Amino acid sequence: MKDTIAAPLDLEPARRKTAAVKTNGRRGTFLKWLRNTHSWIGLWGAVLGLMFGLTGFFQNHRAVMKIDMGAQQVANLHLNLPTPAPADPQQMNAWLQQELKLPRPAERVQREKARPVAWGDTNAVQPERWQLNFRAPNYSAQAEYWVGASQVTVRRIEPGILAVLENLHRANGVGVAWVLIADTIAGAMILLSLTGVLLWTGLTKRRSIGATILGASLVAVLAVVNATLG
């Protein structure tokens, strides 16, 4: 009786199947993590994203739609200067900030030197003039002082609620903390775009190639537009 020799088993298909299962498992795990990340980033940016979107809409259409931004509240104040009076705009800045309990120093300081002026047939010397502008999202204040006077005039303007939100949108008069928060929203929008594209592709080869081509096309178009405008 002849011995029969068994043919060697072809293990390659089984190995490929096992590798495919492992690859699909890793991809599924990564997509699940990506989906959760996308959701949490969207939750973080939802409230402020809504505010930025609405205020951006108001800025674009308030002239056409005649949106009421709320009445401004204006108040003028005349302050007697201390003795001795501030010697320069920097000292005036520090004194006004302390006297009026302003959270931040003046955003802009102007100093006009004394100069001769003609008034009818009379020549006179106009004294030096200081102007200091303080700004925050919920108010703006302008201080005016003529060197030699005993008082400084301060004009304070408080905008309506929509104007306050627009100031926050444009980061007018805000502190470092708000700027950093706004930066996180900008970063969240970028991450939402990237994770959204990855979720759409499902990390499949065909869709990934399509997304890459689309992204490259958009970059090329923006480069051409920038070169044309430049």
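## Exercises: cores, strands and charged pairs

**Phenylalanine 134 and the cores**

Task: Find out which residues phenylalanine 134 touches, not counting residues up to four places away in sequence.

Solution: Start at Phe134 in the structure, which is a predicted model. Leaving out residues up to four places away in sequence, Phe134 touches Asn93, Leu96, Leu102, Arg104, Pro105, Ala106, Glu107, Ser140 and Ala141. Next, look at the company Phe134 keeps: the largest nonpolar core has 17 residues, and Phe134 is one of those with the most contacts inside it, along with Met92, Trp95, Leu96, Leu132 and Val152. Then ask which elements feed this core. At least two residues each come from α2 (89-99), β5 (129-136), β6 (139-146) and β7 (151-158). Finally, there's another core apart from this one, with 7 residues, including Leu48, Met51, Leu168 and Trp178.

**Putting the sheet in order**

Task: Work out in which order the 5 strands of the open sheet lie, and which strands form its edges.

Solution: Read across the sheet and you get β1-β7-β6-β5-β2, with antiparallel pairing. What holds neighbours like these together? Strands of a sheet pair through backbone hydrogen bonds, either parallel or antiparallel. Now check the two ends: β1 (73-80) and β2 (108-112) pair on one side only, and that makes them the edge strands. On average, neighbouring strands here are turned by 15° against each other, ignoring direction. Last, add the helix: α2 packs on the sheet and touches β1, β2, β5, β6 and β7, while its direction makes about 40° with that of β5.

**Following β6 and its neighbours**

Task: Say how many bridges join β6 to β5 and to β7, then sort the residues of β6 into a covered and an uncovered face.

Solution: Take the β5 side first. β5 and β6 run antiparallel and are joined by 8 bridges, and a hairpin connects the two through 2 residues. On the β7 side, 5 bridges join β6 to β7, again antiparallel. Glutamine 142 makes a handy landmark: asparagine 133 has glutamine 142 as its bridge partner in β6, and glutamine 142 in turn has arginine 155 as its bridge partner in β7. The hairpin of β6 and β7 has 4 residues between the strands, and glycine 148 there takes a positive phi near 105°.

Now for the faces. In a regular strand the side chains alternate between the two faces of the sheet. In β6, Tyr139, Ala141, Ala143 and Tyr145 make up the covered face, and Ser140, Gln142, Glu144 and Trp146 the uncovered one.

**Tracking charged pairs**

Task: Find the salt bridge partner of glutamate 107, and decide whether glutamate 107 counts as buried, partly exposed or exposed.

Solution: Side chains of opposite charge can pair when their charged atoms come close. Glutamate 107 pairs with arginine 135, and their closest N and O atoms are 2.8 Å apart. Glutamate 107 sits in the loop between α2 and β2 and arginine 135 in strand β5, so this pair ties together parts 28 residues apart in sequence. For exposure, recall that partly exposed runs between 20% and 50% relative accessible area. Glutamate 107 is at 47%, so it counts as partly exposed; arginine 135, at 35%, is partly exposed too.

Task: Do the exposure check for glutamate 112 and arginine 129, which meet in a salt bridge.

Solution: The N to O distance in this pair is 3.0 Å. It links strand β2, home of glutamate 112, to strand β5, home of arginine 129, with their positions 17 residues apart in the chain. Glutamate 112 has a relative accessible area of 31%, so it is partly exposed. Arginine 129 has 14%, so it is buried. To finish, widen the view: Glu112 and Arg129 belong to a network of salt bridges that also links Arg115 and Glu144. In total, the structure holds 6 salt bridges.

**A look at α3**

Task: List the buried residues of helix α3 (residues 161-170).

Solution: Walk along α3 and pick out Leu162, Ala163, Val164, Glu166, Asn167 and Leu168. Just after α3 comes alanine 171, with a positive phi of about 60°.

Conventions. Residues are numbered from 1 along each chain as its sequence is written. This is a predicted model: local features need pLDDT of at least 70, side-chain atom pairs count only at pLDDT 80 or more; totals for chains, interfaces and linings use all residues. Side-chain values use heavy atoms; hydrogens and water are left out. A nonpolar core is a set of buried Ala, Val, Leu, Ile, Met, Phe, Trp, Tyr and Cys residues joined through side-chain atoms within 4.5 Å. Buried means under 20% relative accessible area, exposed over 50%, partly exposed in between (1.4 Å probe, protein chains only). Contact means heavy atoms within 4.5 Å. Two strands pair if DSSP finds at least two bridges between them. Axes are lines fitted to C-alpha atoms, for helices over the stretch in contact, and angles run from 0 to 180 degrees between N-to-C directions. A salt bridge is a side-chain nitrogen of Lys or Arg within 4 Å of a carboxyl oxygen of Asp or Glu.
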